[in-house]
Amino acid sequence: MPLGSAGAKAAAVICGDAEAYVHSGGQYEWDSAAPVAVAVAAGLHASRIDGSKLRYNQDPPSLPDILICQAALADMLLEAISSVRGE
């Protein structure tokens, strides 16, 4: 669904209006840090699209990709993303 910011997209998942937020186009850490904190506090899954942990306060301050979703969907989505990426 078309939404503006990473925060708005994460909020759509937190509120149940979307099942997942998948982004592989890169973004700065400050674009996702607060939305990820709120999503995790709400019990959602948040990781890189390969399933690895999101790491902040890195140099350079960017994240190549992100997945935020209901925890119950995480394994299925990570597997699907992996298959699409040819991993």
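Which residues point one way from β5, and which the other way? Select β5, residues 66-69, and turn on the side chains. Ile66 and Ile68 point one way, Leu67 and Cys69 point the other way, and all are buried. Keep in mind as you go that this is a predicted model.

**Stop 1: the whole chain**

Zoom out before going further. The chain holds three helices and five strands, and from the N terminus on its elements run α-β-β-α-β-β-β-α. The radius of gyration is 12 Å, close to the 12 Å that the globule rule gives for 87 residues, so the chain is as compact as a globular protein of that length. If you turn the C-alpha trace along its principal axes, you will find that it spans about 30 × 30 × 25 Å.

Try colouring by burial next. Of the 87 residues, 31% count as buried. The chain exposes about 5,200 Å², and carbon and sulfur atoms supply 54% of that area. For the contacts, take those with a separation of 6 or more: residues 24 or more positions apart account for 63% of them.

**Stop 2: the sheet**

Now select β1, β5 and β3 together. These three strands form an open sheet in the order β1-β5-β3, with antiparallel pairing. The edge strands are β1 (20-23) and β3 (45-47), each of which pairs on one side only. From one strand to the next, the twist averages 0°.

Start on the β1 side of β5. Here four bridges join β1 to β5, and the two strands run antiparallel. Pick histidine 23 and look across to β5: isoleucine 66 stands opposite. Then pick tyrosine 21, which has isoleucine 68 of β5 opposite. Both of these isoleucines belong to the buried set you met at the start.

Move over to β3. Three bridges join β3 to β5, again antiparallel. Select serine 47, and you will see leucine 67 of β5 standing opposite. Leu67 points the other way from Ile66 and Ile68.

**Stop 3: the helices on the sheet**

Keep the sheet on screen and look at what packs on it. How many bridges join β1 to β5, where the first helix makes its contacts? Four bridges join them. Helix α1 (residues 6-14) packs on the sheet, touching β1 and β5, and its direction makes about 150° with that of β1. Helix α2 (residues 29-41) also packs on the sheet, but it touches β3 and β5, and its direction makes about 30° with that of β5.

Stay with α1 and select Ala6, Ala10, Ala12 and Val13, which are buried. They cover an arc of only 150° around the axis, which puts them on the same side of α1. Show the surroundings of these residues: what covers them includes β1, β2 (27-28), α2 and β5. Then step past the end of the helix to glycine 16, which follows α1 and has a positive phi, near 85°.

**Stop 4: the loop between β3 and β4**

Next, go to the loop between β3 and β4 (62-63), where you will find proline 60. Select aspartate 59 as well and look at the bond between the two: the peptide bond from aspartate 59 to proline 60 is cis, with omega near 5°.

In the same loop, between β3 and β4, lies asparagine 57. Is this residue buried or exposed? At 74% relative accessibility, asparagine 57 counts as exposed. Check its backbone too: phi of asparagine 57 is near 60°, a positive value in a residue other than glycine. Most residues other than glycine have a negative phi, and most peptide bonds are trans.

**Stop 5: towards the C terminus**

Follow the chain out of β5 to leucine 73, in the loop between β5 and α3. At 23% relative accessibility, leucine 73 counts as partly exposed. Add glutamate 19 to the selection: leucine 73 and glutamate 19 are 54 residues apart in sequence, yet 8.3 Å apart in space, C-alpha to C-alpha.

Finish in helix α3 (residues 74-84) by selecting glutamate 79. With 63% relative accessibility, glutamate 79 counts as exposed. Which distance separates its C-alpha atom from that of aspartate 50? The two C-alpha atoms are separated by 8.7 Å, and the residues are 29 apart along the chain.

Terms used:
Residues are numbered from 1 along each chain as its sequence is written. This is a predicted model: local features need pLDDT of at least 70, side-chain atom pairs count only at pLDDT 80 or more; totals for chains, interfaces and linings use all residues. Side-chain values use heavy atoms; hydrogens and water are left out. Two strands pair if DSSP finds at least two bridges between them. Axes are lines fitted to C-alpha atoms, for helices over the stretch in contact, and angles run from 0 to 180 degrees between N-to-C directions. Contact means heavy atoms within 4.5 Å. Buried means under 20% relative accessible area, exposed over 50%, partly exposed in between (1.4 Å probe, protein chains only). The radius of gyration is taken over C-alpha atoms; the globule rule is 2.2 Å times the number of residues to the power 0.38. Accessible areas come from the Shrake-Rupley method with a 1.4 Å probe; for residues, only the protein chains shown count as cover. The arc is that of the directions from the helix axis to the C-beta atoms.
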